[in-house]
Amino acid sequence: MQRLVGLMRRCVEDYKMIEPGDRIGIGVSGGKDSLALLVLMGQLRRHAGIDFYLEAVTVDLGFGMDFSPIQKLCDSLEIPLTVVKTEISTIIFDYRQEKNPCSMCAKMRRGAINQALLDR
């Protein structure tokens with residue numbers, strides 16, 4: 001972990017990727033990639049010496065998923081979690097009856113996150 005945070009810190013400093021006061025949202029799916037990024041960014045915020053705001057964002061597709069494990073991780077990292085509630089599952093499976101839903105679901109998730117950001 002220390003090595004990865006160190007590499008991230010060097011990139012942030014070399015390329016000025018994060019400035020003081022920046023607001024950074026991390027899309028959290030619950031998979032290992034997004035959770036690893038969340039943990040690394042939490043460590044970077046703690047040790048980089050740059051004051052920036054970090055928030056986790058996840059999309060509730062309407063399947064009844066339990067977000068409490070993600071909330072617990074976010075609480076331990078002192079990173080707020082925003083859950084964007086949608087009815088994507090109902091739209092894709094009940095109304096449209098998509099046979100290949102992945103592409104449509106991805107577009108709708110992006111749209112839901114974009115709309116949530118615009119509503120802020």
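Helices here are DSSP runs of at least four residues and strands are runs of at least two, both numbered from the N terminus. With that in hand, let's walk through this chain, which is a predicted model.

**The overall layout**

There are five helices and three strands to find. Follow the sequence from start to end and you'll meet them in the pattern α-β-α-β-α-β-α-α. Contacts are mostly between residues far apart in sequence: of those with a separation of 6 or more, 70% join residues 24 or more positions apart.

Here are some whole-chain values.

| Feature of the chain | Value |
|---|---|
| Box filled by the C-alpha atoms, along the principal axes | roughly 50 × 25 × 25 Å |
| Residues that count as buried | 33% of 120 residues |
| Exposed area | about 8100 Å² |
| Share of exposed area from carbon and sulfur atoms | 54% |

**Charges**

The chain carries 16 positive and 15 negative side chains. Take the centre of each set, and the two centres turn out to lie 5 Å apart.

**The largest pocket**

Now for the largest pocket, which has a volume of about 210 Å³. Its lining is made up of 14 residues. If you want to find its centre in the structure, look for Val28, Ser29, Thr58, Val59 and Arg109, the lining residues that lie nearest to it.

Which elements each supply at least two residues of that lining? They are strand E2, covering 53-60, and helix H5, covering 102-118. E2 gives the most, with four residues in the lining.

How values were computed: Residues numbered from 1 in each chain as written. Predicted model: local features only at pLDDT ≥ 70, side-chain atom pairs only at ≥ 80, totals over all residues. Heavy atoms only, no water. Buried < 20%, exposed > 50% of the residue type's maximum accessible area, 1.4 Å probe, protein only. Contact = heavy atoms within 4.5 Å. Areas by Shrake-Rupley, 256 points an atom, 1.4 Å probe, with all protein chains shown as cover. Lys, Arg positive; Asp, Glu negative; His and termini not counted. Charge placed at Lys NZ, Arg CZ, Asp CG, Glu CD. 1 Å grid on protein atoms, 1.4 Å probe; cavity = no way out; pocket = protein on both sides within 12 Å on 5 of 7 lines; lining within 4 Å. Points joined across faces, edges and corners; volume = space filled by probe spheres on them.
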